[in-house]
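Please look over the fold below, with attention to its sheet, its helices and its nonpolar interior.

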Amino acid sequence: MSSTAPPRVLTVAGSDSGGGAGIQADLKAMLALGVHGMSVITAVTAQNSLGVQGYWELPAEAVRAQFRSVVDDIGVQAVKTGMLASIELVETVSELLAGLDAPVVVDPVGVSKHGDALLAAEAVATVREKLLPVATLATPNLHEVTQLTGRVVEDEAQMVDAAKALLDLGPRWVLVKGGHLPGEAADLLYGGAGEEHWYRAPRYDNRHTHGTGCTLASAIAAGLAKGETLPEAVASAKEYITGAIAGGFALGAGIGPVDHAWRWR
């Protein structure tokens, strides 16, 4: 006897061989949150707890074919994008998403947790000009805010200014993640009509936080696919990622991953 399929969410991102971030983190988060995860792999990384040892982009044709295979047959209720690596892949994915009638969560991945570049420097302008305008929500951390707007954020008041600057680049909503500021982990969701929502969580003394950004964006996409409003989806995703960070565990000799299965342990 077959049962009804759960909501479907597509991640367009890079593969993390260490399993903590990227496609692997996205699919784990989606499973944990009750949606069916599908993937378009944009790049393959050689990556572990110590950093990214190398990456290889897939051809644009392969990315386009994966996307069409999934969307045209199975369909999607939400999409999340992560590592897009190059100008050509950013352009390709932006074009594909422009024709889609589903919410798009863009995690504008610039560097890895270890500071390794995952986006060519010359592709930042393409993210700004092509990808952000097709985003329902963009979820930059403070380093990515600086990369995209030139603004350096050092306190919560500057997070509001940064959110306004990002909104001018075209997304319908922006989630500025304040995790790199001291004090509580505060994130700001900012919308077009001046809507402002703050999400706060305790900060855990745990360095094993690999995959945080990927996981949060995937959790938001999962909430949207389940019919939550954007503020609701961010609230439930924030609760999920806070638990995952609290449960982060050591792997290898460096930074371990967040625990995607913390609710089951």
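Which residue stands opposite Ala78 in strand 4? Val9 does. This is a predicted model, in which local features need pLDDT of at least 70 and side-chain atom pairs count only at pLDDT 80 or more, while totals for chains, interfaces and linings use all residues. Residues are numbered from 1 along each chain as its sequence is written, and side-chain values use heavy atoms, with hydrogens and water left out.

**Sheet.** Strands (E, at least two residues) and helices (H or I, at least four) are DSSP runs numbered from the N terminus, and two strands pair if DSSP finds at least two bridges between them. The nine strands form an open sheet of mixed pairing in the order 3-2-1-4-5-6-7-8-9. Because strand 3 and strand 9 stand at the edges with a single partner strand each, one side of each is left without a neighbour in the sheet. Strand 1 and strand 4 pair in the parallel sense over four bridges.

**Helix 8.** Of the 17 residues in helix 8, 12 are buried (under 20% relative accessible area, 1.4 Å probe, protein chains only), including Lys238 and Tyr240. Elements that cover these buried residues, through contact (heavy atoms within 4.5 Å), include the following.

| Element | Residues |
|---|---|
| Helix 1 | 22–32 |
| Strand 7 | 173–177 |
| Strand 8 | 185–191 |
| Helix 7 | 212–225 |

**Interior.** The largest nonpolar core (buried Ala, Val, Leu, Ile, Met, Phe, Trp, Tyr and Cys residues joined through side-chain atoms within 4.5 Å) has 46 residues, of which Leu10, Val76 and Leu97 touch the most other members. Helix 6 gives the most to this core, with six residues.

Note on methods
Buried means under 20% relative accessible area, exposed over 50%, partly exposed in between (1.4 Å probe, protein chains only).
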